[in-house]
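Biologist: Please show me the model, and then let us go through its packing one question at a time.

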Amino acid sequence: MAHVDRTMGPGLGRGGGPGGPGGLRAAAARYALLPLRVFLGVTFSYAGLDKLTDAAFMSDSGEGSIGDLMRGVHGSSAVPAFIDLALKSPVGFGYAIAFGELAVGIGVLLGILGRLAALGGALISLSLWLTVSWATEPYYYGNDLAYLMAWLPLILAGTPVFSVDAEWARRRRRHGQRLFG
C-alpha cells in the first residue's frame, strides 16, 4: 500500500494530485505571470508603434505633440529637470521613448532578456510617473504608477516560460551536462 501524506490535506500531497509536482497548482504558479507579460508586452509594443506612426506626436510643437506635452507638464512634474532635458530635443526624446517602449514590449513578449526588458519598462513607467502623471489626483487615477508596480514581478521572475530566455537556459543546461556529465 502506498504512503499517503495526510498532513497536507486532500489533493495536496506529493505525486500527481492537484498540489503535486505536475498538478494544477504547479501549473498555475508556473504560468501565473504569463497574462501580465502578454498584457505589458502588447501594451508597450502598441504604445511605441502608436508614437512612431503619429506625425503630430513626433513634432516639436502643435496639438498632440511631444513638445507641447512636455511644456504642459513642466510646472507639475516631480522632477522638472527631466522635462528640461526632454525639451532640449523633444522629437529625439519622443523617438527614444517610442523605440524604448517597442524594445521593452518585444523583449517581454518574446522573453528575450526578460528581466532586462522588464527593468526597461519599469524605468519608462517611473519616468512617466515622475513627469507626465505626477500631478494626477488622486494618485490612483494615474496609470504610470500601476504600470511601474506591474513590471516588478517580471523583474524578479523574468520570462521563464514560452520564451527565448527559457530556450537559452535549456541549452545551457544541456551543454553543461555534456561537459560535466
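The exchange below covers a pocket, the cores and the aromatic pairs.

Modeller: This is a predicted model, in which local features need pLDDT of at least 70 and side-chain atom pairs count only at pLDDT 80 or more, while totals for chains, interfaces and linings use all residues. Residues are numbered from 1 along each chain as its sequence is written, and side-chain values use heavy atoms, with hydrogens and water left out.

Biologist: Which helix supplies the largest share of the lining of the largest pocket?

Modeller: On a 1 Å grid over the protein atoms alone, a pocket is an open set of points where a 1.4 Å probe fits, with protein on both sides within 12 Å along at least five of seven lines; lining residues have an atom within 4 Å of a point. The largest pocket holds about 330 Å³ of space, the volume being that filled by probe spheres set on the points, which are joined across faces, edges and corners. Its lining has 17 residues, and A47, K51, E101, L128 and D144 are the closest to the centre. Helices are DSSP runs (H or I, at least four residues) numbered from the N terminus, and the largest share of the lining, four residues, comes from α2.

Biologist: Which helix gives the largest share of the largest nonpolar core?

Modeller: A nonpolar core is a set of buried (under 20% relative accessible area, 1.4 Å probe, protein chains only) Ala, Val, Leu, Ile, Met, Phe, Trp, Tyr and Cys residues joined through side-chain atoms within 4.5 Å. The largest one has 15 residues, with L40, F44 and W151 among those with the most contacts inside it. α2, α5, α6 and α7 each supply at least two of its residues. The largest share, six residues, comes from α7.

Biologist: Is F39 buried, partly exposed or exposed?

Modeller: F39 in helix α2 and Y147 in helix α7 form a pair, 108 residues apart. Y147 counts as buried because its relative accessibility is 18%. Exposed means over 50%, and partly exposed lies in between. At 44% relative accessibility, F39 is therefore partly exposed.

Biologist: Why is the pair of Y140 and Y141 edge-to-face?

Modeller: Rings of Phe, Tyr and Trp (its six-membered ring) pair if their centres lie within 6.5 Å; planes under 30 degrees apart count as stacked, over 60 as edge-to-face and the rest as tilted. F39 and Y147 are stacked, at 6.2 Å centre to centre and 0° between the planes. The ring centres of Y140 and Y141 are 5.3 Å apart, and the pair is edge-to-face because the planes are at 80°.
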